[in-house]
Structure formats: structure tokens, C-alpha cells
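Dear colleague,

Please find below the sequence and structure that I am handing over to you. I should be grateful if you would read the notes beneath them alongside the coordinates.

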Amino acid sequence: MPMDFLTYISQLNDALTDEDGPKLAYLLRPTSPHGRDLVKEFRNPTKASLSRYENSMVSPWDDIAIEYVLVCSHVARKRYIEAFKEESQLVSLFLRFFTENRGWTLPALFSILRDLRDLAMDADFHAKYHGQKSDCMEDSARTIAKAFGHCMTDRTSPPDQSRKWGVYYIVGLVLKSYFRVKRISLSKNILRALEANTDIPPLSSFPRSHQVTFRYYIGMLSFLNEDFAKSEEELTLAFYNCHVEAHGNQERILAYLIPLRILKGHLPTQELMKRFPVLDELFAPFIQAIKVGDLKSYDRALEKWEARLLDLNLWLTIEKAREICLRSLFRRMWVASEKSTRIPISMFHAALAVSGIDVSEEETECLVANLIYRNFMKGYISHEMQMVVLAAVNPFPRVVDRPSPYALI
Amino acid sequence: MSSESWPPQLKEWVAKCLGSITDANRPEVQAELKQVISEAFASNTLWTTDWAGVQLKSLMPKPPPVFNSLKRKSMESTTPHQSKKAKKALQKSAAASAAAMDFDDQAALSRRAERFQREHELEKMKSLRVTGGTNNNKANSHQAHFLPRSISSRTGSSYTSNEEPEGDPNVIDWDRYTIVGTSQEIFKDYLRLTSEPKPETIRPYPVLQKTLEELKALWKQKKSYAWVCNQFKSLRQDLTVQRIKNEFTVQVYEIHARMALECNDMVEYNQCQATLRTLYDLGIPGKVEEFTAYRILMLLHGRNRTELNLFVGQLTPRQRADKAVQHALDVQRAQAMGNYQRLCDLYMKAPNMGAYIMDHFIDRERVKGLMVMSRAYKKLSFTFLQTTFAFETTEEIKQFLADHQVNSYINPNVPDNEKMLDTKPMLPELTKIYEEKYRKVMIKGAI
């Protein structure tokens with residue numbers, strides 16, 4: 001049976017008196033079935049035409065209900081920017097209610113902020129498609145950040161019913177918005193605000209889904225700042241706590257975790273890669289090239305995947321991993337020269353030339369120096385003799401055995 | 001002297017004179033005006049003279065237009081490695097006098113006469129915009145570039161779009177409030193605006209064009225950077241308050257950015273760079289590739305990994321193909337791989353003014369290179385280090401090593417070119433210095 005507006009209002013009222021957060025969230029979601037019913041009930045609603053319903057509920061809920069109808073109506077007519085604007089209104093009205101209530105309202109808050117973000121995404125996409133400029137996403141990030149403040153400042157609710165239980169989820173939403181519009185540098189502000197508040201419960205006591213999202217973004221930010229140790233730690237935690245069925249999320253995490261592990265010398269197993277064919281296609285050529293020391297195919301793969309790697313911000317990292325491939329090549333050369341402890345620079349140069357890499361002897365010497373510095377090789381160079389003197393024992397240690405691999409990057 | 005101390009008759013007369021001024025006779029007329037008025041002031045005849053009847057000599061016969069000295073070679077021919085010392089040698093005070101003897105009230109006096117002209121000009125621009133015609137009148141052409149609203153693409157040609165944005169009655173038409181300046185002074189000292197700009201102190205577009213030409217000429221004559229920079233700032237300010245955003249604007253910022261680089265003024269450079277970015281984003285053509293390369297180098301200098309990753313990801317294929325951008329990307333690659341050999345080579349071959357930016361981080365990279373070498377070699381000769389790190393003289397490498405406390409030799413008692421550095425004690429010392437000196441990058445004025 002279709003729901004009419006008066007029924008809708010009374011259901012809202014019930015959810016409020018019962019302090020039923022999930023029910024409230026359901027009622028405020030534009031995609032819920034009653035949204036369609038309400039669009040049918042009011043042919044072409046405007047704020048003016050709905051004004052007769054003001055005072056039909058306790059403020060601000062009368063206005064929230066009206067905004068809800070407007071949002072649904074805009075969505076149904078594919079007016080995305082208008083829909084976003086009304087949803088923004090709805091959120092600010094809701095926040096007025098939110099600040100005077102406890103944690104039970106969080107499910108509704110999460111839901112409407114998610115809707116706000118999705119509508120912003122639609123609006124921007126739509127505007128871009130029509131060649132217009134639109135920054136709804138940034139607007140939505142601002143609104144969401146405001147909600148973050150309202151969670152943080154809860155000083156009255158008892159600990160278990162505090163609005164503070166919303167902070168990590170909301171930070172996740174904000175960060176997602178910033179990443180989406182490529183304004184990542186803005187992330188610092190909200191993270192600083194988070195750090196400044198020491199009275200938030202520890203991250204591990206939050207719902208696991210909140211933890212995973214938050215850790216993923218911290219891992220990403222550390223990755224972009226090339227703080228690889230921190231990044232690996234956060235992404236690893238995110239990966240192992242990620243819901244088993246959230247395949248897309250696992251893939252997102254692995255897209256960065258795999259290159260980090262490669263930098264350390266851990267190549268992913270076939271078994272793992274089979275589960276993520278998209279990543280397999282991207283990383284397999286690099287992994288293969290590292291295994292056999294085929295520098296040329298490594299470079300070809302770099303070229304082939306350049307656009308994709310740049311898009312993922314992975315290009316610089318994969319380029320760094322090239323050194324591991326270089327090590328494999330030199331090791332093979334060393335085996336071929338019967339594991340001699342004295343190898344002239346010209347041999348290294350020849351090894352590169354055979355692989356189709358055109359560099360000068362001076363640069364070859366520099367490459368070897370770097371390998372020694374980063375513990376890929378043990379030994380020393382004599383510039384005057386143009387000779388590399390390798391350690392008698394284990395001159396090419398296993399890549400994974402290198403001490404503090406990230407520190408020397 | 002407040003303007004009240006001037007007789008109204010005089011004010012009208014000055015305004016009239018200034019109104020009939022042309023680009024060609026400006027210096028003359030201004031000089032004569034000053035002379036006549038100061039004479040009258042000295043002889044206390046300011047209030048008794050019948051100003052309306054006074055005729056300036058320089059305004060009587062119309063002099064033929066002078067073109068010779070106005071067009072000068074553009075800044076682009078300045079070689080990046082021009083000796084910095086030679087600059088302070090010559091300091092011609094030719095044009096400085098005009099700025100020094102600032103006749104403040106002059107501008108105030110011309111207010112009324114100029115207002116008519118201004119309104120007239122505004123009308124003219126408006127009609128030009130409505131017809132959307134392509135005008136060759138340089139003085140007004142910037143109007144067509146005012147904040148293009150329908151920037152749909154970055155192809156670089158959309159900014160000249162003739163489409164008139166749809167009139168929304170609820171949106172304020174800011175164009176109506178755009179100021180057009182009336183000041184005819186070529187030079188003006190920079191002063192940070194603290195209130196609404198006054199049209200009489202702002203130079204209109206044609207004057208600003210002349211200003212740029214003059215500044216370029218003076219810069220070539222080794223005018224001091226401090227003065228030229230100040231003038232560029234006031235020039236930029238006048239462009240901003242009049243909302244002029246076109247190729248000329250881009251040119252002004254580009255030239256100022258290059259000068260700032262040459263004079264190691266990173267604060268101004270970063271300001272120019274930031275503005276240029278938004279101007280290019282509007283689709284206004286300029287030396288986009290050159291400045292894209294600078295930006296990459298600046299990000300390398302600042303070690304702003306996040307931004308660098310994003311910025312490199314957003315480069316267009318056309319930008320990537322450019323020689324300067326390619327160079328900057330090569331620098332980035334060499335730096336990321338610790339390839340000091342290649343990096344120093346690229347330092348020597350930097351196109352445009354890239355070397356000036358690389359100056360800021362080359363020592364840091366040399367130290368990093370030396371750290372690598374200290375572990376890979378047992379001993380290092382001066383000559384090897386000199387060629388590897390691209391030092392021009394043995395003195396320079398000696399200074400560099402001394403600055404970084406590298407001073408233990410295997411054979412301290414032989415001539416310099418035979419000396420061998422002992423690498424064993426180097427790494428801990430270098431690591432310490434690197435942490436202290438280079439770990440944190442301070443960039444003044446960075447956005």
C-alpha cells in the first residue's frame with residue numbers, strides 16, 4: 001500500500017519517540033520505496049506548495065519532511081544539482097536536531113551524509129557531462145566536516161551513547177570526498193582536528209567497518225607521502241579486517257599493498273593474484289620481469305601501464321621497484337661469470353646493453369653504487385680500476401633480507 | 001599639500017591638459033605641467049593666473065607619433081645564465097625621475113575629466129561585447145576575456161568564446177562594477193590595498209601595456225631588481241583590480257616569475273606561479289609547458305610527494321611531449337632512483353630557467369649522492385667527484401666538501417688533484433648533516 005505524506009510524518013514521529021536510528025535512516029533515504037509514493041502524491045512540489053505542512057511536526061522535523069519530498073521529487077526528475085541542494089538543506093536541518101541528541105541518531109546521520117555525498121557525485125558528474133563547472137563534492141565535504149565537529153563536541157552524553165562514536169565513520173566520508181575531487185591536501189585539517197581530541201575512544205573499539213575505511217585512507221595518505229612503513233602497517237590492518245565479501249574494497253587496498261610488499265621483496269602468490277584478475281593483469285608483467293631480471297620488459301610494462309599507474313598514483317613506486325629488477329639482472333650476470341668476486345664495470349654495462357638498456361658506463365657505475373648502498377649487493381667499487389669487488393659470501397642477499405628496506409628509498 | 005590648496009580653475013585646466021595627452025607626448029606634457037605649476041607656485045600666482053587661457057607648448061603643435069623606442073626586445077631573449085654580477089653595474093636613472101617627482105594631486109585633479117572618458121570607454125566596451133565582434137583594438141580586447149564562464153575544455157582556445165552567458169537576473173553582473181583606471185602614470189609604487197581601489201590611482205590597460213614595455217627595457221638596462229619587482233607588483237595589482245585576465249596578464253606574470261627566479265626571490269616566484277596556474281586553467285595561452293616544467297622542479301625541491309604524484313598524473317600528452325617538461329620528468333626520475341650521475345648531468349643541461357630552481361636542491365641531491373658513494377667506494381678522488389657532481393672548479397668541490405664536514409683523507413699531504421677521500425667516516429657525518437640541513441625544506445611563499 002503506497003504511503004501518503006501524513007503516514008510518512010507519523011512514521012517519522014514514531015521513529016523519533018522510539019529513538020530508532022536505523023528506522024529514521026530508512027525513512028530519510030530517497031531510494032526507499034515510500035520516496036516514490038510521495039513523488040506521486042505531490043505532482044510538482046515546491047517549498048511554497050508544501051508550506052501548509054509546516055508545524056505539522058515538531059521543528060525542525062516538519063521542514064525535514066518537506067525537504068525530503070523535494071529531494072525525492074528532484075531525483076525522480078533527474079535534477080541532480082537541485083536534489084543536492086535540497087539534501088544539503090535537509091542535512092543542516094537534521095544537524096540542528098542532532099546536536100541536541102545522543103548517539104542513537106548516528107545511523108540516520110551516516111545515511112543522510114552518504115546520500116549527500118552520492119548526490120554530490122551525481123551532480124558533479126552530470127554538470128561535467130554537460131560541460132558545466134560544479135563543485136558540489138567540495139560543498140558536501142564541507143557539510144560533512146561540519147557534522148564531524150558536531151560529533152566531536154559531544155560532552156554531555158554518557159560514554160556509551162556519545163555522538164563521538166560517529167567520528168571515524170565521518171572522517172572516512174570526508175576523506176573519500178577529498179580524494180574524489182583530488183584535493184587531498186585538505187585532508188590534513190580534519191586529521192589534525194581528530195588528533196587534537198584525545199578523549200575519543202581508541203580506534204580499535206569502533207565498529208570494524210569504520211576502522212577499515214579509516215585505516216585505508218591513512219594508509220593511502222602515508223603512501224602518497226612515501227611514508228611506506230606506516231602505509232604498509234595501516235593497509236595490512238585494513239586488508240585483514242576487511243569484510244570477506246567486500247571484494248572491491250580488498251582490491252582497492254591490495255592495489256597499494258602489493259607494490260609496497262614488492263618494494264620489500266615479497267612477490268605476491270599466484271593464488272592471491274588469481275582472486276584479483278584486474279590487479280593480476282596490471283602487476284603480472286612487473287612481477288615476471290623481476291623474477292627473471294628482464295629490465296627491458298619491465299620498462300615496456302612501465303610504458304604500457306603508464307596512464308593507469310599515474311591515475312592510481314603508483315607510477316613512482318613501481319618505478320622504484322625497477323631497482324629490484326636491476327638486481328636480478330646483475331645477479332644473473334654474476335652467476336654467468338661463474339660467481340667471480342671481481343667484475344669490471346664494463347661487464348655490468350654489457351649486461352645492461354644486452355638487455356637493450358642504453359646507458360653510459362658512468363651511469364652504470366652510479367647504478368651499481370646505488371645497489372650497494374641499498375644493500376641489494378655487497379661489495380665495493382674501485383673507480384680507478386673500474387672494477388666492482390664483490391663480497392666473498394652471499395654478494396647478492398635475498399631482497400627480503402635487507403635491513404630497513406623502506407628507510408633507504 | 002591637500003587638493004583644497006589648489007584653485008579650482010587650475011584643477012580644471014590640468015584635467016583638460018591631461019585629457020588631451022597622448023602616449024607619445026606624455027613625458028613632455030607632464031614635465032611642462034610640473035614646471036609651469038611649480039613656477040606659478042613659487043611666484044605665488046597660483047590663484048591669480050587665468051589658467052583657462054594658458055596654453056602648454058608641448059600640446060600646441062601635434063608632434064608626429066614616436067615609435068622607435070617603445071618596441072624593445074622581449075624578455076624571452078634573456079639568457080638564463082646571464083651573469084648576475086653585471087646587473088648592478090649600470091643603473092640608469094632615466095625613468096626614475098618620473099616616479100620620484102610624484103605629482104600626486106595631478107591624478108586627483110584629472111578626476112572629473114577622466115570620468116567622462118571612462119564612462120565612454122565602458123560604453124564602448126559594452127557595445128563591443130554585445131556585438132561579440134573580434135576587435136583589433138588592443139586597448140579593449142581584454143574585455144572579451146573577462147572571466148570566461150563557459151570553460152568547458154582546456155583546449156586553450158575556448159577563452160575567446162563569443163557566447164554571451166545567459167543573463168540570470170538573480171546573479172550579480174560583476175562586470176558592471178569593474179573598475180577602469182584613469183591614471184596615466186607609467187610607474188607606480190606598490191602599495192597593498194586596504195580599501196576599495198580608486199580609479200584615479202589605477203592605470204588603464206593601454207597604460208599598463210606601456211608600463212610593461214618600459215619595465216622590460218629598464219630591466220635590460222640593469223635596473224635594480226628591488227625596484228623592478230615593486231613596479232611589477234603594482235602592475236599586477238592594477239591588472240587584478242581591473243579584472244584583466246588575458247594573454248597580457250599571463251605575459252606579465254611570466255616575465256615577473258622569470259625575473260624572480262633569476263634573483264632568487266622565491267616568494268614572488270611562487271605567487272606568480274600560483275596565479276599563472278589559474279590563468280592557464282582558464283585556457284589563456286602562454287608558456288604553459290615552460291612553467292609546467294618549473295612547477296615539477298619546484299615540487300621536487302619542496303619534496304611535495306603527494307602533489308607531485310597528482311600533478312604528474314594530470315599532465316596532458318602535449319605537455320609531456322615538451323622538451324622542458326621532459327627534462328623536468330627526467331630530473332624527477334633521476335632523483336627518485338638516486339641516479340646522481342644523471343641528475344647532475346641534467347642540472348647542466350636544464351632548459352629555460354630550470355637551473356635556477358635546481359640550484360635550490362642540487363646540493364641536497366649531491367649530499368645524497370655522496371652518501372651512496374661513501375658506502376659503495378672505499379676511496380674517492382677529487383677529480384671523480386668533481387665530474388660526477390658537475391662542479392666547475394676544484395675550488396667548488398673543495399668548498400662543498402668543507403661545508404659538509406668531509407675532510408678525512410687517506411693521503412692528506414699530497415697536492416689537491418691527487419688527494420683521496422677516505423669514505424669510512426663519511427656516512428654518519430653526512431647522514432647527520434642531511435638530517436639537520438635538508439630533511440625539512442623551507443619554501444618561502446609556497447602555496
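The notes that follow concern strands and helices in chain A, and then chain B as a whole.

Please bear in mind throughout that this is a predicted model.

Strands of chain A

Strand β3 of chain A, residues 387-390, pairs with two other strands. With β1(A), residues 342-344, it runs antiparallel, and three bridges join the two. One pairing to inspect here is that of Arg342(A), whose bridge partner in β3(A) is Val389(A). Strand β2(A), residues 379-382, is also antiparallel to β3(A), and this pairing comprises four bridges. Within β3(A), Met387(A) is the bridge partner of Ser382(A).

Strands β2(A) and β3(A) form a hairpin with four residues between the strands. Gln386(A), in this hairpin, adopts a positive phi near 55 degrees.

Which side chains of β3(A) are buried, and which are not? Val388(A) and Leu390(A) point to one face and are buried. Met387(A) and Val389(A) point to the other face and are not buried. In a regular strand, side chains alternate between the two faces of the sheet. The side chains along β3(A) do alternate in this way. Two of the bridge partners named above, Met387(A) and Val389(A), thus belong to the face that is not buried.

Helices of chain A

Helix α4(A) spans residues 61-76, which makes 16 residues. From its first C-alpha to its last it reaches 22 Å, close to the 22 Å expected at 1.5 Å a residue. The helix is mostly covered, with 13 of its 16 residues buried. After α4(A) comes Lys78(A), which has a positive phi, near 60 degrees.

A second helix of interest is α15(A), residues 295-304, in which Ala301(A) lies. Why does Ala301(A) count as buried? There are 23 other C-beta atoms within 10 Å of Ala301(A), and the cut-off for a buried residue is 20 or more, so Ala301(A) qualifies. Beyond its neighbours within four places in sequence, Ala301(A) is in contact with Pro285(A), Phe286(A) and Ala289(A). Leu282(A) is 19 residues away from Ala301(A) along the chain, and their C-alpha atoms are separated by 8.8 Å.

Chain B

Chain B contains 19 helices and two strands. Of its 447 residues, 30% count as buried. Among the contacts in chain B with a separation of 6 or more, 69% are between residues 24 or more positions apart.

With kind regards

Methods. Residues numbered from 1 in each chain as written. Chains lettered and ligands numbered in written order. Predicted model: local features only at pLDDT ≥ 70, side-chain atom pairs only at ≥ 80, totals over all residues. Buried ≥ 20, exposed ≤ 12 C-beta atoms within 10 Å, placed from the backbone. Pairing = 2+ DSSP bridges. Contact = placed C-beta atoms within 7 Å. Expected span 1.5 Å × (residues − 1).
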